[in-house]
Structures are given as structure tokens and as C-alpha cells.
Amino acid sequence: MTEPVIVGVDGSASSLEAVIWAAREAMLRRAPLRLVHVALRWAYDVPLVPQPAHWGPSMEAACRRLLAQAAGQAHTEAPSVDVTTEILDGAAAEAIAATAGSAQLIVVGSRGRGGFAGLLVGSVSRDLAARSPCPLVVVRPQEAGRGGEIVVGVTGRPEQDPVLRFALEEALLRRLPLRAVHAWTHPAVRAPGDMQPLVYDVEGVGQEEARLLAESLAGWREKFPDVPLTEQVAHEHPAKALADASASAELVVVGAPGRGAVFGSTTYSLLHHAHAPVVVVPRAAQAG
């Protein structure tokens with residue numbers, strides 16, 4: 001069976017946008033779509049007095065109605081896609097990650113409520129990015145007329161290869177060009193213990209960063225000859241460079257924060273400011 005696309009549903013307008021995006025994505029990938037709702041009553045390690053109401057028939061019925069409405073929207077967008085629904089229990093990030101072991105993608109909206117509240121600024125996004133066994137897509141509102149390319153953030157580090165591969169495969173799937181963006185504010189540290197100079201030649205460092213980007217992409221053009229590939233080097237913060245590039249993008253692809261990540265904290269800033277959906281390739285995938 002083809003690996004599914006999983007989308008988190010909480011009834012918010014943002015999650016419905018995620019459902020629409022995920023349904024179209026599942027149709028593009030010829031994959032089944034699984035809609036999940038996390039019935040989070042409280043964080044089990046946080047004592048509350050008085051405790052919230054226990055799960056009951058009325059709460060279950062409300063959750064199933066919410067999922068049924070979302071499933072109806074998914075069927076409208078992608079009639080040929082096999083859609084299933086599931087109610088999960090527990091902390092949102094843990095519950096979603098636990099059910100996504102065989103998924104192609106996890107998709108969530110940029111704003112939510114209930115189990116997905118504070119996704120971009122709270123612990124849920126951090127936990128999900130760290131735990132997810134597959135790429136996480138945060139769907140952001142996209143202006144009409146946008147979406148002419150895929151954008152990927154490049155650092156030049158060896159662990160970025162899975163991120164580049166994912167971006168190239170998405171560009172090939174969508175028949176879109178790929179823009180590889182490498183942004184820098186200071187000369188790159190090449191080895192542990194290296195010191196950054198207090199004064200440096202901006203033009204000279206820029207040329208070195210351009211060489212670094214070219215070396216990072218060496219070989220990928222041969223592996224994906226049908227994907228037009230553009231290189232962009234910017235002397236500015238990576239989050240700003242990627243956010244600006246996202247204005248003409250269908251997707252922006254970056255690595256997850258944490259050890260082995262491609263852009264680290266830049267990812268979180270991008271989630272706030274991007275003009276297109278952001279794909280975060282998880283640490284597990286990068287390490288693999």
C-alpha cells in the first residue's frame with residue numbers, strides 16, 4: 001500500500017486550508033489521505049485542579065463530526081483520493097508522530113486551536129519537528145498567482161543532502177524549477193575550533209560562499225537533469241532570504257532545528273514569515 005499523507009484537523013480555518021492542501025498533495029502523489037484529530041484533554045504530566053471533564057460520547061461525537069466535515073472537504077478537492085479519519089489521544093506532537101511511522105508527509109495549518117494551538121510559537125511545533133519520522137508541512141496562506149518554483153535552503157553542510165533530494169523530487173513531481181538559496185551574514189566556519197575574523201572582505205567571502213553553494217549542488221544536476229536549477233547567494237540573514245524567495249514559491253524546503261539541522265532556528269522564523277507552505281525535513285531523515 002502507498003504510504004499515506006497525514007493531516008492534522010482541529011476545526012480551525014487554518015486546519016481546513018491544510019486539509020485542502022493535503023488532499024491535493026495526496027492526489028498528486030496518488031496516496032491515501034488520513035485525517036487525524038488529537039483529542040487533547042490536558043497534558044498528562046501537568047496536574048490540574050479541578051481536572052477537565054472526562055472523555056464521553058458527546059465529545060467523541062463532536063470529534064467525529066469535525067472529521068466528517070473535513071473529509072467532505074477533502075473529497076470535494078480530490079474525489080479520487082482514499083480518505084480515512086482517526087481520533088488520537090494524548091499530547092498532540094507525540095500522538096501525531098506515533099501514528100506517522102509509515103507516512104509520506106505530515107501536514108498541519110499555520111494556526112490552530114485545541115491540540116494544535118500555538119503550533120508555530122509553542123512546544124508542539126518543536127516537538128513535532130523533532131519527533132516526526134517524515135517531512136512536516138506547515139501550510140501558510142498563499143497569494144494568488146504565486147507558486148512558480150520550489151525553494152530550498154542550502155548551508156553547504158554534508159547533512160543537507162536529504163533536504164536537497166526532497167526538494168529536487170518535489171520539483172520533479174510538480175514540473176517546477178528549483179531555486180537553491182544560500183544566505184550568509186559572516187564567513188562560514190569550516191571546522192570545529194575555527195575562529196571567525198573580525199574584519200573580512202565581503203566580496204571575497206561572497207565569492208567563496210558562491211563556490212560553496214556550487215559544490216553543494218555538484219552532482220545533483222546529473223541526478224535530476226529534468227529539473228531547472230538556479231543558484232542564489234545572499235548576504236543577509238537566511239530567514240529573510242528564504243522568506244523573500246518564498247514570494248514566488250509553491251514550497252519552501254528547509255531542515256528541522258536541532259542537531260544535524262540545515263537551518264536551525266532559522267526554520268522557526270521562516271514559519272512565521274514565509275509566503276508559501278514550508279516543508280521541514282526532520283532530523284531523523286537528515287541523519288539517514
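# A guided tour from two crossing helices

Begin by selecting helix α1 (residues 13–29) and helix α5 (residues 161–174), whose axes come within 11 Å and cross at roughly 80°. The two helices are therefore roughly perpendicular to each other, since angles of 65 to 115 degrees fall in that class. To see the contact itself, display Trp21, Glu25, Leu28 and Arg29 on α1, then Phe166, Glu170, Leu173 and Arg174 on α5. By class, this contact of α1 with α5 comprises four nonpolar, no polar and four charged residues. Please note that the model on the screen is a predicted one.

**The whole chain**

Now display the full protein chain, which has 10 helices and 10 strands. Of its 288 residues, 49% count as buried. Among contacts between residues at least 6 apart in sequence, 78% join residues at least 24 apart.

**The sheet**

Next, select the strands. Ten of them, written in the order β3-β2-β1-β4-β5-β10-β9-β6-β7-β8, form an open sheet with mixed pairing. At the edges stand β3 (83–88) and β8 (229–234); each has a single partner strand, so one side of each is left without a neighbour in the sheet. From one strand to the next, the twist averages 25°.

Return to α1 with the sheet in view. Helix α1 lies across β1 (5–8), β2 (33–38), β4 (105–109), β5 (136–139) and β9 (249–255). Relative to β4, the helix runs at about 150°.

**Strands β1 and β2**

Select β1 and β2 together: they run parallel and are joined by four bridges. Val5 stands opposite Leu33 in β2. How many of the six residues of β2 are buried? Six of the six are, and the strand is mostly covered. In a regular strand the side chains alternate between the two faces of the sheet. On β2, Leu33, Leu35 and His37 point one way, while Arg34, Val36 and Val38 point the other way, and all are buried.

**Strands β7 and β8**

Move to the other end of the strand order, where β7 is followed by the edge strand β8. Strand β7 (residues 178–183) pairs with β8 in the parallel sense over six bridges. Leu178 is the residue to display here, as it stands opposite Leu229 in β8.

**Trp184**

From β7, proceed to Trp184, which lies in the loop between β7 and α6 (202–217). Is Trp184 buried or exposed? Trp184 counts as buried because its relative accessibility is 5%, below the 20% cut-off. Add Glu209 to the selection: Trp184 and Glu209 are 25 residues apart along the chain, and their C-alpha atoms are separated by 7.8 Å.

**Helix α3**

Select helix α3 (residues 92–99), where six of the eight residues are buried, so the helix is largely enclosed by the rest of the structure. The buried residues to display are Ala92, Ala93, Ala95, Ile96, Ala97 and Thr99.

**Two cysteines**

The final stop concerns cysteine residues. Select Cys63, which is buried with a relative accessible area of 7%, and then Cys134, likewise buried, with a relative accessible area of 3%. How many disulfides does the structure hold? The structure holds zero disulfides.

How values were computed: Residues are numbered from 1 along each chain as its sequence is written. This is a predicted model: local features need pLDDT of at least 70, side-chain atom pairs count only at pLDDT 80 or more; totals for chains, interfaces and linings use all residues. Side-chain values use heavy atoms; hydrogens and water are left out. Two strands pair if DSSP finds at least two bridges between them. Axes are lines fitted to C-alpha atoms, for helices over the stretch in contact, and angles run from 0 to 180 degrees between N-to-C directions. Contact means heavy atoms within 4.5 Å. Angles under 35 degrees count as roughly parallel, over 145 as roughly antiparallel, 65 to 115 as roughly perpendicular and the rest as oblique. Ala, Val, Leu, Ile, Met, Phe, Trp, Tyr, Cys and Pro count as nonpolar, Asp, Glu, Lys and Arg as charged, and the others, Gly among them, as polar. A disulfide is a pair of cysteine sulfur atoms within 2.5 Å. Buried means under 20% relative accessible area, exposed over 50%, partly exposed in between (1.4 Å probe, protein chains only).
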